[in-house]
Amino acid sequence: MKQESAEALALNVLAWLVGDEEILPVFLGSTGMDGAELRARAGEGEVLAAVLDFLMMNDEWVNRWALETTSDPTHVMQARYALPGAEQINWT
């Protein structure tokens, strides 16, 4: 997946997160951002990577996102690999 497609997918995930009243506060708490900062930084690669990292913490969230957006759940990890910082991830 190319970086541009990965960013678009991450923005899709972010839009989904923002629409979920239960998960959004968990995401904001984990990042230390508030809603205003999230809006201001939503297009930054670091934030988009954090969105995908956060979603992948819970398979249920990935599957819910995929179902509710009619997306392929495997695209989340593919997108994450296409964004900056993926080379530093240790999945073990």
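## A walk through the helices and their aromatic cluster

Start by selecting Phe54 and Trp61: Phe54 is buried, and Trp61 is buried too. Keep in mind as you look around that this is a predicted model.

**Stop 1: the aromatic rings.** Keep those two side chains on display and add Phe27, since ring pairs link Phe27, Phe54 and Trp61 into a cluster. The count of aromatic pairs comes to 2. Take Phe27 and Phe54 to begin with: their ring centres are 5.2 Å apart and their planes stand at 70°, so this pair is edge-to-face. Phe27 belongs to helix α2 and Phe54 to helix α4, so the pair ties together parts that are 27 residues apart in sequence. Both Phe27 and Phe54 are buried. Now turn the view to Phe54 and Trp61. Here the ring centres are 4.7 Å apart and the planes lie at 25°, so the pair is stacked.

**Stop 2: helix α2.** Next, select residues 23–31, which make up helix α2. Which of its residues are buried? They are Ile23, Leu24, Phe27 and Leu28. Look down the axis of α2 and you will find these buried residues within an arc of 135°, so they line one face of the helix. To see what that face meets, show α1, α3 (35–41), α4 (45–55) and α5: the buried residues of α2 pack against these helices. Before leaving, step just past α2 to Gly32, which takes a positive phi of about 80°.

**Stop 3: where α1 meets α5.** Select residues 3–18 for helix α1 and residues 59–69 for helix α5. Their axes come within 11 Å and cross at roughly 95°. The two helices are therefore roughly perpendicular to each other. Now show the side chains at the crossing. From α1, pick Leu9, Asn12, Val13 and Trp16; they meet Trp61, Arg64, Trp65, Glu68 and Thr69 in α5. By class, this contact has 5 nonpolar, 2 polar and 2 charged residues. You will recognise Trp61 from the ring cluster, where Phe27 and Phe54 are the other members.

**Stop 4: the loop after α5.** Finally, move to Thr70, in the loop between α5 and α6 (74–82). Is Thr70 buried or exposed? Thr70 is exposed, with a relative accessible area of 74%. Check its backbone as well: most residues other than glycine have a negative phi. Thr70, although not a glycine, has a positive phi of about 45°.

Definitions and conventions: Residues are numbered from 1 along each chain as its sequence is written. Side-chain values use heavy atoms; hydrogens and water are left out. Axes are lines fitted to C-alpha atoms, for helices over the stretch in contact, and angles run from 0 to 180 degrees between N-to-C directions. Helices (H or I, at least four residues) and strands (E, at least two) are DSSP runs, numbered from the N terminus. Angles under 35 degrees count as roughly parallel, over 145 as roughly antiparallel, 65 to 115 as roughly perpendicular and the rest as oblique. Contact means heavy atoms within 4.5 Å. Ala, Val, Leu, Ile, Met, Phe, Trp, Tyr, Cys and Pro count as nonpolar, Asp, Glu, Lys and Arg as charged, and the others, Gly among them, as polar. Buried means under 20% relative accessible area, exposed over 50%, partly exposed in between (1.4 Å probe, protein chains only). The arc is that of the directions from the helix axis to the C-beta atoms. Rings of Phe, Tyr and Trp (its six-membered ring) pair if their centres lie within 6.5 Å; planes under 30 degrees apart count as stacked, over 60 as edge-to-face and the rest as tilted.
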